[in-house]
Amino acid sequence: MALPAHASPLERLWRRVFHLLCALILLFLIAPILIVIPLSFNAEPFFTFTEKMLALDPTGYSLRWYDLLMTFGMFAPDAPRDAAWWADMWANSTWLRAAKNSIIIGVFSTLLATFLGTLAALGLSRPEMPFRRAVMAILISPMIVPIIIVATGLFFFYSATGLAGSYLGVILAHATLGIPFVIITVTATLVGFDKSLTRAAASLGASPATTFFKVTLPLILPGVVSGALFAFVTSFDEVVVVLFVAAHDQQTIPRQMWNGIREQISPAILAVATILVVISVALLATVEILRRRSEQLRGVTPG
Amino acid sequence: MAEPQTLTTPDGVPLKRALARAQARARRRAFLLVAPLLLFVIVTFLVPIGQMLHRSVYNDSFAANMPRLTAWFATTEPDTPPDDAAWEALALDLRAAAEARTVGVVGTRVNYDLPGTRSLFTATGRKARSFQAPWREALLAADADWADPMLWSTMRQAARSYSPNFFLAALDLTRDARGAIVAVPQDRQVYVALFQRTFTLAALITVLCVLLGFPVAHLLATLPLRWSNLLMILVLLPFWTSLLVRTTSWIVLLQGQGVINNSLVATGLLADDGRLSLIYNQTGTIIAMTHVLLPFTILPLYSVMRPIPPSYVRAARSLGATSWTAFRRVYLPQTLPGIGAGALLVFILAVGYYITPALVGGASGQLISNLIAFHMTDSLNWSLAAALAAILLGLVLILYWLYDRLVGIDNLKLG
């Protein structure tokens, strides 16, 4: 909204101040995320910019912390980097093992949350759904209830049922935490869904299953994938439940980071953080593309 | 005139009934779609939390390990001084518990209500094998503290498996020798102050989020879509970035040798020995949590501000309002639903926050969640942890209900 030509000098000044204020707030939002990227290439074990880094001296930068991510936990990190070294890393690197665990747990909990959540969102967006409001409130509540309460409850429940320390226990818990995100995104896609399309399919002789797979699913797929990505990120970033119910050797990336921050924070954490920031940029871009695609498909104007 | 005739389907079923049947079928179908998830959430979420709530009023570690004394308490009136039967029950129970190695569990349970008694149980337990009648003299010879009427009153309380005592403890209350509810000594009062701190900090963070979120949301809502979509990425990226990454970044920025302090020292604004302590205290909690929760205010504010037509403010201006009056009387009231939605959501999330305060809060920036975690993992007073969690959960659910009434859960948006 441009200022009209008759704006007073005071208004023009205020507009400047307002823009500066917004720029500062946006900087507050984004700077902490970007600051870790250059610092992760620090050649020194410091958390601040060294003079060499500020002078853009190449010797001030190094990949040593990324290297440490691979070698940490290996049997023979200093051996020559041949096939045996890579095999050692693949099998023993602490961070790599944590990443594998995170991905296994993330993928299975996402599949579970997406399948159940999409099914439920389809039911919830039907006008004839009974107790719609109450059911919705229950299904969204894992997002609202403080995580420490969920973790405490699951700790007692899993100790009693023998799920403590198992992959299944963590996967079920993470699926529960991801479900609200799937429901919110899929029901948002189903708002304004043109019911006449399914009726047309039915009148042309398609069975409900055919109608769903050929008509409904392609239209809501962008929403389903966005929801799945949300669920995956939720699991991939979850640490409290893992701390409470997972076995001691079940490390995940957030748990490893948590330990790193609490005990001895080293720039290796910043290297992990940088990798995670890159992943989140990729995920955000994917979700944006999906959102636009969904709007195109449904003929909704953006905004 | 033809007789009014009921409309029927081709098979002769009255149309009304056919319609009712079809509607019932549609309702059933919708519910069946939701049922698997509902069942899943009930089993993996509601039942565990329900069990935890049960634990906040139920603790049988005394009754299960001291059966004879528990039976004596059950048959006598409160305030009954211990008679010979009571002393015998106590001595035999202590001996049995010492043999079963559960005397420490009993001592810990009594210790929750009467600090300093755990060692009395474990020390006497070690001597219990050699106890002979007369039991009273044997026990008092082991430790004179067994005659303390306060101890007997506390044991009577602990013998009841169901009791509200853990909720009393969570509210800084206890019972005196006669079983009446009194406040705990001043130096042991922690929980009420911690609830107050949690709410004060959550309110402060909410206010900061609204103050910082409002201008940005306004800017995004008034820019052309092309530009606002671009700037929106700056708001959404923190949303998608791992919480631990954001917390790590704040440690890097705020710590004593961190980027902010070093820059201030390097530019001469700060003496080297006068570095600001910005982290591992309340300041750290407030800054990091405001950063984490800010997108949750910007997004609802934006979705409320975007459809506000700019012509309203223009009309106010053309009718002679100053820009401040036009903002205050015309624009601001229209954004209130967004402010309410954002503020309520941030407050709900802030009250139960755990990770950020645990990592950057130090001692003064801890919230109620951190104390629940402490009782779960360190002091192992699980019933007290459950009672604190129940109080927190109750408060959060009231706020959630309010959010549903005022905003509606359907309007929750994620980008």
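**A first walk through chain A**

Hi everyone, let's start with one side chain: W86(A) has 42% relative accessibility, so this residue counts as partly exposed. Before going on, please keep in mind that what you see is a predicted model.

Right beside W86(A) in the sequence sits W85(A), and the two rings form an aromatic pair. A pair like this is described by the distance of the centres and the angle of the planes. For W85(A) and W86(A), the centres are 4.8 Å from each other and the planes meet at 85°, which is an edge-to-face arrangement. Is W85(A) buried or exposed? W85(A) is buried, because its relative accessibility is 2% and the cut-off for buried is under 20%. Over all chains, the count of aromatic pairs comes to 26.

Now let's step back to the whole of chain A. How many helices and strands does chain A have? There are 13 helices and zero strands, so if you read along the sequence you meet α after α, with nothing else in the pattern.

What about overall dimensions? The C-alpha trace of chain A spans about 75 × 70 × 40 Å along its principal axes. The radius of gyration of chain A is 25 Å, whereas a compact globule of 303 residues would come out near 19 Å. Of those 303 residues, 51% are buried.

On to contacts and surface. Take the contacts in chain A between residues at least 6 apart in sequence: 61% of them join residues at least 24 apart. The exposed surface of chain A is about 14,300 Å², and 71% of it comes from carbon and sulfur atoms. As for charge, chain A carries 20 positive and 16 negative side chains, with 14 Å between the centres of the two sets.

For the last stop, please find I148(A), which lies in helix α7, residues 147-161 of chain A. I148(A) counts as buried because its relative accessibility is 0%. Which residues does I148(A) touch, leaving out those up to four places away in sequence? In chain A the partners are V240(A) and F244(A), and from chain B come Y354(B), S369(B), I372(B) and A373(B). F244(A) is 96 residues from I148(A) in sequence, yet their C-alpha atoms are 9.1 Å apart in space.

F244(A) also brings us back to rings: together with F155(A), F156(A) and W382(B), F244(A) belongs to a cluster linked by ring pairs. So that cluster, too, has members from both chain A and chain B, as ring pairs link its residues. Thanks for listening!

Notes
Residues are numbered from 1 along each chain as its sequence is written. Chains are lettered from A and ligands numbered from 1 in the order in which they are written. This is a predicted model: local features need pLDDT of at least 70, side-chain atom pairs count only at pLDDT 80 or more; totals for chains, interfaces and linings use all residues. Side-chain values use heavy atoms; hydrogens and water are left out. Helices (H or I, at least four residues) and strands (E, at least two) are DSSP runs, numbered from the N terminus. The radius of gyration is taken over C-alpha atoms; the globule rule is 2.2 Å times the number of residues to the power 0.38. Buried means under 20% relative accessible area, exposed over 50%, partly exposed in between (1.4 Å probe, protein chains only). Contact means heavy atoms within 4.5 Å. Accessible areas come from the Shrake-Rupley method with a 1.4 Å probe; for residues, only the protein chains shown count as cover. Lys and Arg count as positive and Asp and Glu as negative; His and the chain ends are not counted. The place of a charge is taken as NZ of Lys, CZ of Arg, CG of Asp or CD of Glu. Rings of Phe, Tyr and Trp (its six-membered ring) pair if their centres lie within 6.5 Å; planes under 30 degrees apart count as stacked, over 60 as edge-to-face and the rest as tilted.
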